[in-house]
Amino acid sequence: SKIDNLCLEFANIGSKIPLCFANLTQLPALSLHHSNLSGQITSWIMNLTSLAYMNLAEYNLQGAIPNSLFKLENLEVFSMAYNLLEGELELEKFLMLKRLLFVRLSFNKLSIISRKNPSNVSLSQIQLLGLRSCNLIEFPNFLQYLAKLAYLYMSNNNVNSLPSWIWGETSLLVMVYEELQEFLQLDSN
């Protein structure tokens with residue numbers, strides 16, 4: 001029989017993802033949200049090439065996000081928010097995933113870095129980007145070219161100015177409300 005969705009949210013299955021999951025290579029959805037797991041991202045997750053949905057939020061993941069993760073070409077939803085991930089992460093790597101719609105990286109120990117002129121940005125399908133508390137010091141420039149980006153969450157960063165393109169034509173529907181409110185207050189003083 002084929003498993004269409006493996007959801008072990010709030011389950012207490014031990015401290016590591018069981019190795020038997022590695023055999024589920026046709027699995028389209030994996031959710032281990034808040035599952036009392038810890039450690040680094042296991043290398044065999046990259047064998048789950050059919051994954052369209054990966055939710056590993058609130059799970060005490062540590063270490064860096066491995067480059068091999070960006071080979072999961074079918075990913076549409078990627079959430080690793082509220083973990084202990086660290087190291088530098090080039091945000092543009094997510095542009096390699098052509099089907100990706102939702103990315104949540106908020107509340108980790110990551111340092112998000114961004115190149116000035118990434119390629120393939122116009123092909124991106126990303127609609128939601130969660131970057132709260134990601135050690136950002138400025139708005140990543142390429143965000144202005146994400147034609148389908150509608151939801152951007154960037155509170156709890158060290159960004160102290162809004163780029164001028166935010167006020168122009170953009171698909172953004174919701175932006176960090178608290179941050180925007182704070183900027184508007186600073187401008188009025």
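Me: Before we start, what does "buried" mean here?
Reply: Happy to begin there. A residue is exposed when its relative accessible area is over 50%, and partly exposed describes the range in between. Buried means a relative accessible area under 20%.

Me: Is Asn157 buried or exposed?
Reply: Keep in mind that this is a predicted model. Asn157 sits in the loop between β11 (151-153) and β12 (174-175). Its relative accessible area is 13%, and the cut-off is under 20%, so Asn157 counts as buried.

Me: Which residue's backbone nitrogen does the side chain of Asn157 reach?
Reply: We stay with the loop between β11 and β12, where Asn157 is placed. At a distance of 3.0 Å, the Asn157 side chain reaches the backbone nitrogen of Asn135.

Me: What pattern does the protein chain follow along the sequence?
Reply: Let's step back to the whole chain. The protein chain has 1 helix and 12 strands. Read along the sequence, the pattern is β-β-β-β-β-β-β-β-β-β-β-β-α.

Me: How many aromatic pairs are there in the whole structure?
Reply: Rings of Phe, Tyr and Trp pair if their centres lie within 6.5 Å. Searching the whole structure on that basis gives aromatic pairs numbering 3.

Me: Why is the pair of Phe78 and Phe94 tilted?
Reply: Planes under 30 degrees apart would be stacked and those over 60 edge-to-face. The ring centres of Phe78 and Phe94 are 5.4 Å apart, and because their planes stand at 50°, the pair is tilted.

Me: Where in the chain are Phe78 and Phe94?
Reply: Both Phe78 and Phe94 are buried, and their pair links distant parts of the chain, 16 residues apart. Phe78 belongs to strand β6 (residues 77-79), while Phe94 is in the loop between β7 (84-90) and β8 (102-104).

Me: Which residues form one aromatic cluster with Phe78?
Reply: We have already met one of them, since Phe94 pairs with Phe78. The cluster brings in one more name, and its members alongside Phe78 are Phe94 and Phe70.

Me: What kind of aromatic pair do Tyr82 and Phe107 form?
Reply: Tyr82 lies in the loop between β6 and β7 and Phe107 in the loop between β8 and β9 (109-113), so their pair ties together parts 25 residues apart in sequence. Their rings are 4.9 Å centre to centre, with 20° between the planes. Planes under 30 degrees apart fit one label, and this pair is stacked.

Me: At what relative accessibility does Phe107 count as partly exposed?
Reply: Its partner Tyr82 counts as partly exposed at 37%. For Phe107, the relative accessibility is 27%.

Note on methods:
Residues numbered from 1 in each chain as written. Predicted model: local features only at pLDDT ≥ 70, side-chain atom pairs only at ≥ 80, totals over all residues. Heavy atoms only, no water. Phe/Tyr/Trp six-rings, centres within 6.5 Å; stacked < 30°, edge-to-face > 60°. Helix = DSSP H or I, 4+ residues; strand = E, 2+ residues; numbered from the N terminus. Buried < 20%, exposed > 50% of the residue type's maximum accessible area, 1.4 Å probe, protein only. Polar contact = N/O pair within 3.5 Å; in protein donor to acceptor, adjacent residues only side chain to side chain.
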